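Me: Please take a close look at how the chains meet in this predicted model. I would like one connected account that starts from a single charged pair and works outward.

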Amino acid sequence: MNQNRRVLLKGSLAAGAVGAAVSAGLLTPKAVMAAWSKEAFEAKDTNAALAGAMGSSDTTASDKIKLKAPDIAENGAVVPITVTSGIDGTTNMSILVANNNTPLTSSYAFGPDTEGYISTRVKMGKTSDVIAVVKAGGKLYSTRKEVKVTIGGCGG
Amino acid sequence: MAKSIKLRAKAKDGVATVKCLISHPMETGLRKDKKSGKMIPAEFIQEVTCEHGGKTVLGAEWGSAISKNPFLSFKFSGAKSGDSIKISWVDNKGASDSLEGKIK
Amino acid sequence: MKTIANVLTAACLVALPVAGQASPESDLNDFRDHFYKKFPDTPKDDFINGVYSIDPASREQWEAFEEFPSYEIYIDKGEELFNKKFANGKGFADCFPNYEKGIRQNYPYFDSGSGSIVTLEGAINKCLTDNGEKPYKWKKGNITYVSAYLASKSRGNKINIKIPNDPKAIDQYNRGKKHFYAKRGQLNMACADCHYHYAGAKIRADILSPALGHPTGFPVYRNKWAGASKKGDGMGSLHRRYGGCNKQVRAKPFKAQSDEYKALEYFHTYMSNGLEVNGPSQRK
């Protein structure tokens with residue numbers, strides 16, 4: 001487990017919840033080590049999700065983060081997203097969909113040799129800003145892009 | 001859960017680009033089964049890790065908003081062709097899988 | 001005079017099966033020309049990519065999927081099924097000896113013995129039943145995994161559907177052609193309305209795909225089907241899609257592998273002759 005990960009986790013999960021989950025047999029020991037950020041993923045609000053995942057919701061807009069996402073999603077269930085952080089010392093990244101019921105889609109902790117780059121596919125319930133948040137030097141930076149989700153004709 | 005992970009990793013100029021595709025339903029727990037009318041229970045991957053040379057190069061935490069049959073790509077330096085990398089995942093039900101592959 | 005009369009009779013005999021109609025060859029030329037003129041910017045060999053051959057915005061997303069397409073999971077499953085021996089010790093390779101070189105491009109074909117159309121799915125299930133195995137279901141699941149594997153082996157081969165000069169074959173072709181151009185359902189729309197005349201136009205938020213190149217990418221992994229499936233399995237056969245299309249114009253769909261859809265597939269695939277097989281493929 002790398003150092004950034006531990007920092008990320010420290011503020012995000014009450015030890016009691018993990019213990020309860022373990023005794024209930026819900027988590028394997030491996031998962032306990034990683035301690036999934038339950039509160040952050042269940043938060044209904046972008047700021048609360050960010051605070052849970054990244055330790056704070058105080059972000060500075062940065063054009064050094066490139067967020068590649070379609071203008072109009074062909075299918076909201078599978079929206080390709082690529083985030084590239086051009087900020088030196090990027091340690092963590094979160095990708096959020098503001099208007100999803102629970103905005104946090106995923107969080108990433110990078111090792112010292114890992115580039116600030118993630119490409120994945122996310123679900124979007126409706127038209128929304130996609131927000132990429134990057135942590136570098138303990139500070140948070142973000143960028144956002146609106147992705148339209150439409151109701152299809154025959155294809156969708 | 002055998003063979004749920006497909007992995008492609010290529011090294012170029014010391015930087016490895018890793019792409020993986022995982023066969024998983026990524027069920028949110030928020031929708032009903034059309035036939036039975038019952039809620040389909042949540043079933044989604046929560047953790048994905050990638051190890052290289054004994055170090056964790058990426059630790060990912062996912063919620064249920066990652067698409068079905070998830071795709072993940074990332075890059076790290078200090079890798080060369082022939083190196084082993086290990087990808088593993090754990091879902092909310094405690095199911096897990098891992099795959100060790102070579103960087104091309 | 002006698003000679004001329006003979007020649008005329010012979011000509012009539014040849015022409016009879018398609019009396020009052022164009023030949024498949026001239027149909028094919030007209031069909032291609034229609035799309036070439038409608039989409040002059042699309043390279044002729046790119047129609048195999050469906051709506052992505054005419055819409056750059058959705059193409060970009062599709063290319064992101066193609067980076068690691070979801071159907072690869074199912075090609076693997078298909079390969080496993082394909083290589084599994086039947087109870088009698090035989091396997092699919094005994095039914096499809098040329099599978100390594102690719103066979104997708106030759107299906108569907110007209111079987112003169114039975115006078116009917118043989119689809120790849122039909123041949124897969126015939127292989128199973130001939131060997132005492134239980135056939136697969138027609139529209140999704142195992143049959144699409146095996147056909148995905150066979151299609152993946154056939155990539156780059158050019159669609160090569162033959163319409164022999166046999167009245168029964170011509171009948172099948174014309175039946176499929178009729179299905180394609182006939183209005184149906186409460187919405188009174190033909191396949192051709194959306195995918196020939198109005199290809200490229202918008203239907204709500206969707207862009208209608210050109211019919212040229214439609215069948216080359218099957219079976220497909222549709223994100224829509226994956227979303228509906230509990231396992232996230234988005235694979236489906238061409239006939240599954242036909243059923244969906246018929247339902248969308250509020251017509252009663254025919255059964256997968258019914259004579260009607262087999263005839264439609266025969267016509268529809270013949271119209272893509274010369275295009276490369278690129279199945280399986282991922283679609284919205």
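Reply: A good place to begin is Asp113(A), which forms a salt bridge with Lys55(B), the closest N and O atoms being 3.6 Å apart. Between chain A and chain B the count is one salt bridge, although 19 residue pairs, both members at pLDDT 80 or more, are in polar contact there. On the side of chain A that touches chain B, two or more residues come from each of helix H1 (3-10), helix H3 (29-34), strand S6 (104-110) and strand S7 (114-122) of chain A. Of these, S7(A) gives the largest share, eight residues. By character, the residues on that side of chain A divide into 19 nonpolar, twelve polar and six charged.

The extent of this interface can be put in two ways. As contacts, 37 residues from chain A and 35 residues from chain B take part; as area, chain A and chain B bury about 2,900 Å² between them, with 50% of it on carbon and sulfur atoms. Trp36(A), Arg121(A) and Lys123(A) supply 23% of the area that chain A buries against chain B, which is more than any other three residues supply.

The interface of chain B and chain C can be described in the same terms. Here 17 residues of chain B are in contact with 17 residues of chain C, and the area buried between the two chains is about 1,400 Å², of which carbon and sulfur atoms give 51%. In chain B, the residues that lose the most area to chain C are Lys6(B), Arg8(B) and Asn69(B), together 35% of what that side buries.

As to charged pairs, the structure holds 23 salt bridges over all chains, and the count between chain B and chain C is five. One of the pairs joins the side chains of Lys3(B) and Glu80(C), at 3.3 Å from N to O; this pair crosses between chains, from Lys3(B) in the segment before S1 of chain B to Glu80(C) in helix H4 of chain C. In another salt bridge, the side chains of Lys6(B) and Asp76(C) meet at 2.7 Å, N to O.

Across the interface of chain B and chain C there are also eleven residue pairs in polar contact, both members at pLDDT 80 or more. Strand S1 (5-12) and strand S2 (15-22) of chain B each supply at least two residues of the side of chain B that touches chain C, and the largest share of that side, four residues, comes from S2(B). The residues of this side of chain B divide into seven nonpolar, two polar and eight charged.

Helix H4 of chain C, where Glu80(C) lies, also has a partner within its own chain. Helix H4 (residues 72-83) and helix H7 (residues 142-154) of chain C pack at an angle of about 95°, with their axes 7 Å apart, which makes H4(C) roughly perpendicular to H7(C). From H4(C) the contact is made by Tyr74(C), Ile75(C), Lys77(C), Gly78(C), Glu79(C), Leu81(C) and Phe82(C), and from H7(C) by Asn142(C), Tyr145(C), Val146(C), Ala148(C), Tyr149(C), Leu150(C) and Ser152(C). The residues of this contact of H4(C) with H7(C) divide into nine nonpolar, three polar and two charged.

Key:
Residues numbered from 1 in each chain as written. Chains lettered and ligands numbered in written order. Predicted model: local features only at pLDDT ≥ 70, side-chain atom pairs only at ≥ 80, totals over all residues. Heavy atoms only, no water. Contact = heavy atoms within 4.5 Å. Buried area = accessible area lost by both parts, 1.4 Å probe. Salt bridge = Lys/Arg side-chain N within 4 Å of Asp/Glu carboxyl O. Polar contact = N/O pair within 3.5 Å; in protein donor to acceptor, adjacent residues only side chain to side chain. Nonpolar A, V, L, I, M, F, W, Y, C, P; charged D, E, K, R; others polar. Axes fitted to C-alpha atoms, helices over the stretch in contact; angles between N-to-C directions. Parallel < 35°, antiparallel > 145°, perpendicular 65-115°, else oblique.
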